[in-house]
Amino acid sequence: MTMYPSTRAERSHDLTTPGAMGKRALLLSFAFWTLVGAFQASNWLLSPFGSRFPDPWRVIASAMFNAYVWALLTPVIFRLRVRLNPERGTRLRRVPIIVAVGLGVAAVVTAMAAVVHGSLVPAPSGRRPLEFSAWVGVWHMGRWYAQHVVSFFGIFVAAIAVDMTRRFHAREREAAQLHADASQLQAERAELRARSARLQAQSAALQAQLSEARLTVLRTRLNPHFLFNTLNAVSALVAKNPHGVRDMIALLSELLRHALAESTEQEIPLRDELRLLRLYLEILEIRYQGQLHIVVTADADVQDALVPNLILQPLVENAMKHGIDRAGGHGTIAVLVHQSGDDLVLTVRDTGPGDGSGPALGASGVGLGLTRARLAELYGDAQRLELVPAAGGGMTARVTLPYHTRDEVRLAADPVATDHAELVRP
């Protein structure tokens, strides 16, 4: 990327702008050559031969003529430097051209200076003007020619130095601009990353809200399903056992009160889930009037594990419908909860008829279908719900999900608390 001065002040500082020198450069060149002319005139007048010049202004005019000729040639030589800018691979071929031009220009300037000097400076007394002019011409060619050659190449070298300085400053400006562009790009990339992080956070929040909404819908569908089934059990005993109906209504009221009070939580500790399950099992025991035997076993060290709210009730309901009811309303339902590695395993087994008439593995009844959907929404691929025939008859429903507690969830959500727990851990 090529950088050019963007303002008039910057362009005036550019001494090698193709076409002409800047105004400031011309003024500096004029002032410099004025000083050179004044120095040369002073040198002539103060030399031992100065007394031979009766009119000092003629000597000054001759010296200033020499100086201003080079003042006029300076921008031309600068432009020549631009036109003869030696590229790589052609520098040696350009050197003879530059040397020839320099020698020729010096010869022309020397001849002009000799004519002007001979016209302005009169011949000393005792010499004829023609003889003096010839003498002055030879003197100029012998002494001033070398001086004019040095002047030409001095100006040419100055043009090279100015061009190199300009290029150096141009590269500095270009590097500064590139650095500024790089900093701006880095800032824009940082802003894009921050914006992407915000969008990801918003997306994650929306996904969490969507997941929560789906779970709420599933719970909303599950609660009426559970309520209708329980009311059907109550209505079946209205005529047979009024006293048992009152107990069932009391148990159902307490069960619904606890279930609705915790309806905002998608997961609850296992001990709370087992307490709700026992209320439901007591209702079933009253309904089946001693024909149903229920066993609930849960290890003490898994009581704090989090499980989906009302996860066991649909499994027990499925065992009752496809196991106990098909066996004539009597049998055993065993509920077992234990930890297996990093998983929590919930098992509900019934002693059904054992004729293979239970639901298949992909059964999608209302209770099991909602349970599968809730497990998939909560745990993704980290969960399993299996229905397999049990040894000796009946079916076994097994739910496997990640083992976690409220403390573990809190620590996972709070990195500072996690680090503190790691420090204080014995």
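Residues 24 or more positions apart account for 72% of the chain's contacts that have a separation of 6 or more. The model you are looking at is predicted. Its chain has 426 residues, and buried residues make up 35% of them. Along the chain there are 11 helices and 7 strands. The accessible surface comes to about 24600 Å², and carbon and sulfur atoms hold 61% of that area.

## Aromatic pairs between helices 2 and 3

A good place to start exploring is the set of aromatic rings. How many aromatic pairs does the count come to? The count comes to 5. One of them joins Phe30 and Tyr68, which are stacked, with 5.1 Å from centre to centre and 5° between the planes. Phe30 sits in helix 2 (residues 23–46) and Tyr68 in helix 3 (residues 56–83), so this pair ties together parts that are 38 residues apart in sequence. Phe30 counts as partly exposed because its relative accessibility is 45%. Tyr68, at 27% relative accessibility, also counts as partly exposed.

Another stacked pair is made by Trp33 and Trp70, with centres 6.5 Å apart and planes at 25°. Here too the pair links distant parts of the chain, with Trp33 in helix 2 and Trp70 in helix 3, 37 residues apart. Both Trp33 and Trp70 are buried. Together with Phe32, these two tryptophans form one aromatic cluster.

The table sets the two pairs side by side.

| Pair | Centre to centre | Angle between planes |
|---|---|---|
| Phe30 and Tyr68 | 5.1 Å | 5° |
| Trp33 and Trp70 | 6.5 Å | 25° |

## Helix 7

Next, follow the chain to helix 7, which covers residues 270–288. Does its length in space agree or disagree with its number of residues? At 1.5 Å a residue, its 19 residues should span 27 Å, and the end C-alpha atoms are 26 Å apart, so the two agree.

Many names appear on the list of buried residues in this helix, among them Leu270, Leu274, Leu277, Leu281, Leu284 and Tyr288. The charged residues Asp272 and Glu273 are on that list as well. In general, an α-helix has 3.6 residues a turn, so residues three or four places apart point the same way. Just after helix 7 comes Gln289, whose phi is positive, near 50°.

## Three single residues worth a visit

Leu310 is found in the loop between strand 3 (306–308) and helix 8 (312–324). Its phi is positive, about 60°, although Leu310 is not a glycine. Is Leu310 buried or exposed? Leu310 counts as buried, because its relative accessibility is 3%.

Asp350 belongs to strand 5 (residues 343–350). What is the nearest side chain of opposite charge to Asp350? That side chain is Arg349, 7.4 Å away, and Asp350 is buried yet has no salt bridge. Leaving aside residues up to four places away in sequence, Asp350 touches Ala319, Gly323, Thr332, Ile333, Gly393, Gly394 and Met395.

Gly369 is part of helix 9 (residues 366–379). With a relative accessible area of 26%, Gly369 is partly exposed. Gly369 and Pro314 are 55 residues apart in sequence, and their C-alpha atoms are 9.6 Å apart in space.

How values were computed: Residues numbered from 1 in each chain as written. Predicted model: local features only at pLDDT ≥ 70, side-chain atom pairs only at ≥ 80, totals over all residues. Heavy atoms only, no water. Helix = DSSP H or I, 4+ residues; strand = E, 2+ residues; numbered from the N terminus. Expected span 1.5 Å × (residues − 1). Buried < 20%, exposed > 50% of the residue type's maximum accessible area, 1.4 Å probe, protein only. Phe/Tyr/Trp six-rings, centres within 6.5 Å; stacked < 30°, edge-to-face > 60°. Contact = heavy atoms within 4.5 Å. Areas by Shrake-Rupley, 256 points an atom, 1.4 Å probe, with all protein chains shown as cover. Salt bridge = Lys/Arg side-chain N within 4 Å of Asp/Glu carboxyl O.
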